[in-house]
Amino acid sequence: MTRSIALVDGNNFYVSCERVFNPRVECRPVVVLSNNDGCVVSRSNEAKALGIKMGVPFFQVRHLTRSHGLVWYSSNYTLYGDMSERMMTILARFAPQQEIYSIDECFLDFTGTQLDTVLCGHEIKKQVYKLIGIPTCIGIGPSKTLAKLANHIAKKQKQFDGVFDWSMLSSTEQDDRMSKLDVGEVWGVGRRINAQLSDMGISTVLQLKQADPAMIRRRFSVVMERTVAELNGCACLDLDPIDTRKGQIVCSRSFGRPVTALSELREAVLSYVIRAAERMRAQSSACSHISVFILTNFFRDSARQYSRTAQVPLSVASDDTRRLSAAAVHGLHQIFRTGYEYKKAGVILTGLQPAAAVQNDLFSGYDRDRSARLMGVLDHINKIYGMHTTSFAGAGIQKPWRMLTDNRSPRYTTSWDELPIANAG
C-alpha cells in the first residue's frame, strides 16, 4: 500500500502567534528575537522582503524600525508553546496517526483513509486558521522526506494555495520539479553535507534521487541512503506517535547582564531546576543525574574566560524539585570561581526513567508518596493560575540576572494577570 503522509507547518510561527493577538501588525514587517533580544529567529514575509536574514543580530537591522516601520518582539515562548499545543490538538483530529516534529510542525499519516488529501489539506488550513488564527502550509507525499519537500513547494509557489501533493504530478513532472530545487532543500541535508554533495557533482534534488544508494551509504551513512530511498517514494521513516518522552531535559538561559556573585548564580540555577523538574514531571519521569554548567561570554576577547560543568548523581532517581535543587547547589559550589563575569548557566537532567518504576533506597528515608503529592499540588496550582504562582524562595524574587525581554508581548493564554482588558463605553 502506498503511504500518504502530510507535513503541516505553521507559517512564520512565532510572528503568526504575535499577529493573532495584535492584528495591527498584519501586513507589516515583523520579527521575533532570540533570548536577550539578540538575533532574529522568526520573520514575517514582509520582513523577509526587506532582506532580513534568519539569525542576523538585531542591532544590524534595527535601523529598519525607523526607515521601514519594522516591528520587533522579544521571544514569548510561553505563548508560542501554548499556541502550538492548541494547533497540534486540532491537527490530531484529521488523521489516525500524528507525530509532533517541532513546535510548529507535525506529520499526519493518511494511509488507508481513502481521503482526497488535497481537499483534506485545504480543510486543515481552514480549520486551524478559523480556530486559532495561525496560517499553515501542507505538503503531502509517499514518504516523510517527500512530504517535507512538498511542504517547501506549497509554501513557495502560490498557485497551490498552501497545499501540494506529489501524487498530483506524473513521474516526469516530479523529476522536473526536483531538477529545479537545490539539494539543500532536502530534509537532513545541512550545510556540511550540501558542500560534500556539491563536490561530488550532486547539486539538485533530482541528482540526489538518482544517485547510487550504496555509494551514498559509503560516503555518508545509512541515514543518507534512506534519504535517497525516500526521495524515490520508498517510506523508510515511520511516524513515532507513541512515546514522546525526552531522554534528557535541559534548561539554560543567558543572563541579561554579567553575573559575578555566587548568590545570583544560585538563584538562576535554582530557577532552571524548578522549570526542568516541572517539565520532567509532565512526562512522568524521574532522573538519576543532574548536571550544572556555568560559562563566561566567549565573544568578549578582553574578558577572562571560564566554563565548567559539575555532574551530581542522585542516590535514588527523583522528580522532587527540593532534592534536585540541593544536588544542583552542591554542584554549583564545586565549580564556581570568583573573579569571572558569567554570561550563562543551566542544568541538565539525565538518566531519565518512568517515575512509577523508581526503586527506592531502604536507608534514604525518602517518602516518595508524600513527595509526589506535594509536587502534584505545586504543579496543579501553577497550571491553573499561571507559571511561578508558587515557587521556591531560593530562586529569588527580583531576579536582576533574568534575560532581557524589553518588548515581550503579554502571555495572553496562560496568565490571568496578562489577559487583555476590554473597556465598555
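1. In this predicted model, Cys39 is partly exposed, with a relative accessible area of 28%. Cys39 takes part in no disulfide, and the nearest cysteine sulfur, which belongs to Cys251, is 20 Å away. Since a disulfide is counted when two cysteine sulfur atoms lie within 2.5 Å, that separation rules Cys39 out of a pair with Cys251 in these coordinates.

2. Cys234 is likewise in no disulfide, although here the nearest cysteine sulfur, that of Cys236, is 4.2 Å away. Cys234 is partly exposed, with a relative accessible area of 43%. A search covering the whole structure finds zero disulfides, with the cut-off for such a pair set at 2.5 Å between the sulfur atoms.

3. Turning to the interior, the largest nonpolar core comprises 33 residues, and those with the most contacts inside it are Phe255 and Leu265. At least two residues of this core come from each of strand E9 (249–259), helix H12 (262–282), strand E10 (285–296), strand E11 (307–318), helix H13 (321–335) and strand E12 (342–350). H12 provides the largest share, namely eight residues.

4. Leu265 deserves a look of its own: leaving aside residues up to four places away in sequence, Leu265 touches Phe255, Val259, Ile294, Leu332, Phe336, Tyr342 and Ala345. A second core, separate from the one described above, has 32 residues, among them Val30, Leu79, Met83 and Ile140.

5. The packing of H12 against H13 can be described in some detail, with the two helices set at an angle of about 140° and their axes 9 Å apart, in a crossing that is right-handed. On the H12 side the contacting residues are Leu262, Leu265, Arg266, Val269, Leu270, Val273, Ile274, Ala277, Met280 and Arg281, and these meet Thr321, Leu324, Ser325, Ala328, Val329, Leu332 and His333 of H13. Leu265 and Leu332, both in that list, also appear together in the contacts of Leu265 given above.

6. Helix H7 (residues 171–179) has Gln174, Arg177 and Met178 as buried residues. Why do they lie on the same side of H7? They cover an arc of only 100° around the axis, and that places them on the same side of the helix. As a general matter, an α-helix has 3.6 residues a turn, so residues three or four places apart point the same way. The partners against which the buried residues of H7 pack are helix H6 (144–156), strand E8 (163–165), helix H9 (205–209) and helix H11 (222–231).

Notes
Residues are numbered from 1 along each chain as its sequence is written. This is a predicted model: local features need pLDDT of at least 70, side-chain atom pairs count only at pLDDT 80 or more; totals for chains, interfaces and linings use all residues. Side-chain values use heavy atoms; hydrogens and water are left out. Buried means under 20% relative accessible area, exposed over 50%, partly exposed in between (1.4 Å probe, protein chains only). Helices (H or I, at least four residues) and strands (E, at least two) are DSSP runs, numbered from the N terminus. The arc is that of the directions from the helix axis to the C-beta atoms. Contact means heavy atoms within 4.5 Å. A nonpolar core is a set of buried Ala, Val, Leu, Ile, Met, Phe, Trp, Tyr and Cys residues joined through side-chain atoms within 4.5 Å. Axes are lines fitted to C-alpha atoms, for helices over the stretch in contact, and angles run from 0 to 180 degrees between N-to-C directions. A crossing is left-handed if the near helix is turned anticlockwise from the far one by less than a right angle, and right-handed if clockwise.
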